[in-house]
Amino acid sequence: MIDGAPAGDGSGSSGTEAGPLTSECPADEFATDVGEGGQLICSSIAGAAKQAIDTQCSVYLGSRDGCDGCITPPAKWGFASGPGCTNGLGLDNRCTAPSLGGTAVQLFGMNFDGDVDGNDKIYTGMHCKVPAPAGGMAPCPAGEFITGSYGGNYTCAPVSAWVVDYVRNNCSLYLGWQDNCDGCVNPPTKWGRASDLNCLNGLGIDNTCTVATLGTETINLFGLNFDGDVNGDDKIHIGLQCAAAPPAEGTGTMTCPAGQYMTATLPDGSFQCKSPVSLISAYVASKCTVYLGAQDECDGCTVPPPKWGTARTGACANGAGAANTCTTFTLAGQAVAMFGLNLDGDTDGNDTVYAGFQCAL
């Protein structure tokens, strides 16, 4: 069971019963209240999903010099989420909120130290904090939906626990690198991925998976070691891949099956329920995006990156910059859309790489 998630008491059924409906929510909505005559008042979960990810989930970026295959935590790191950014550790790192493609985006900007070459490691990770348990009575507070009835009233529970659980279990941040790739669309020669629960070194010597305590949080980090001197023909790839979730429905008399919310009522007083996870997965796939950018001559600067792009499940885009690419690769049997950012010139201590993560409505 998910910590903080609504639980059933055994009176729900995982099967679906046929019969006339007294009131029914639209296909992509759940009940938040029951009005006069038993009519359901319903709402989409999109706003609640965005709020949960904004407040609980972040993308991490870090680096370490003199780290040829080492498993030590990054010496410089920070993280960004939809509403904010934090410089965890390191001089000349910066948080900025530029307008990229007409959208204000929180970016963590990490400054490398010294010349970037084969003993430098860049780290990425994705982490969501588990929300605290909560629940109320209908009319449900914002972000909560009806899970059952009690004493003539209707009980509510937040969807945030299921949103966070979905991202933690199903979303991975991919990082790759390619040398001699000035605008090329070849697959990365070194790559890996990290989710909240695991990490994989897909390809490349000296890459590592590390569990690090950064601030107060424990993070799975994929660490990619560059090879040779990093300059204008090097490409860094980023991708976000989240697995689809199947729908699940049930019925209940007093409470919905665990993890489900009311979607319709029946004449006998029972109600139909549905899991939100398939809608959560569709929302994340279409609306949640990672950003990657770079800036030369930027030792602690706060100007927007002149080169940047985005990636989400099944899609990527080159926002700005020559020789950047957007390509779908098959990595360990998984099709992953990756934005490839070409660095400019020799990469050293005045170069900044940016990362961001944002979900739209």
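**Notebook: disulfides, cores and rings**

I began with C140 and C156, where the torsion about the S-S bond is about -85°, so I noted the disulfide as left-handed. C140 sits in the loop between β13 (136-137) and β14 (144-150) and C156 in strand β15 (residues 153-158), so this pair ties together parts that are 16 residues apart in sequence. I then looked up the length of the bond, and the S to S distance of C140 and C156 is 2.1 Å. When I asked whether C140 and C156 are buried or exposed, I found that both of them are buried.

Before going further I wrote down that this is a predicted model, and I checked how confident the prediction is. The chain has an average pLDDT of 93, and 94% of the residues score at least 70. Over residues 1-19, however, pLDDT stays under 50, although the model has 49 contacts beyond four places in sequence for this stretch. I left that stretch alone, with the reminder that predicted coordinates should not be read in detail where pLDDT is low.

**More disulfides**

I reminded myself that a disulfide is a covalent bond between the sulfur atoms of two cysteines. How many disulfides does a search of the whole structure find? The search gives twelve, and I looked up two others among them.

The disulfide between C181 and C184 has an S to S distance of 1.8 Å, and with -90° about the S-S bond this link is left-handed. For C181 I read a relative accessible area of 0%, and this residue is therefore buried. For C184 the relative accessible area is 16%, which is under the 20% cut-off, so C184 is buried.

C256 and C273 are joined by a disulfide with an S to S distance of 2.1 Å, and the torsion about their S-S bond is about -80°, so this disulfide is left-handed. The pair links distant parts of the chain, 17 residues apart, with C256 in the loop between β22 (249-252) and β23 (261-265) and C273 in strand β24 (residues 271-274). Both C256 and C273 are buried.

**Nonpolar cores**

Next I turned to the largest nonpolar core, which has 57 residues, and I asked which of them touch the most other members. They are I53, V167, F226, V284 and F357. Helix α2 (residues 160-170) gives the most to this core, with five residues. I also found a second, separate core of eleven residues, and C256, met above as a disulfide partner, is one of its members, as are L40, I146 and M262.

I looked more carefully at F226 and left aside its neighbours within four places in sequence. The residues in contact with F226 are F112, V116, D117, G118, D120, I122, W177, K190 and I236.

**Aromatic rings**

The contact with F112 led me to the ring pairs, of which a search of the whole structure finds ten. The ring centres of F112 and F226 lie 6.5 Å apart with the planes at 70°, so I recorded the pair as edge-to-face. F112 lies in the loop between β11 (107-111) and β12 (121-128), and F226 in the loop between β20 (217-225) and β21 (235-242), so the pair ties together parts that are 114 residues apart in sequence. I checked burial here as well, and both F112 and F226 are buried.

As a last entry I noted a cluster in which ring pairs link F30, F145 and Y261.

Conventions. Residues numbered from 1 in each chain as written. Predicted model: local features only at pLDDT ≥ 70, side-chain atom pairs only at ≥ 80, totals over all residues. Heavy atoms only, no water. pLDDT = per-residue confidence, 0-100. Contact = heavy atoms within 4.5 Å. Core = buried A, V, L, I, M, F, W, Y, C linked by side-chain atoms within 4.5 Å. Buried < 20%, exposed > 50% of the residue type's maximum accessible area, 1.4 Å probe, protein only. Helix = DSSP H or I, 4+ residues; strand = E, 2+ residues; numbered from the N terminus. Disulfide = S-S within 2.5 Å. Phe/Tyr/Trp six-rings, centres within 6.5 Å; stacked < 30°, edge-to-face > 60°.
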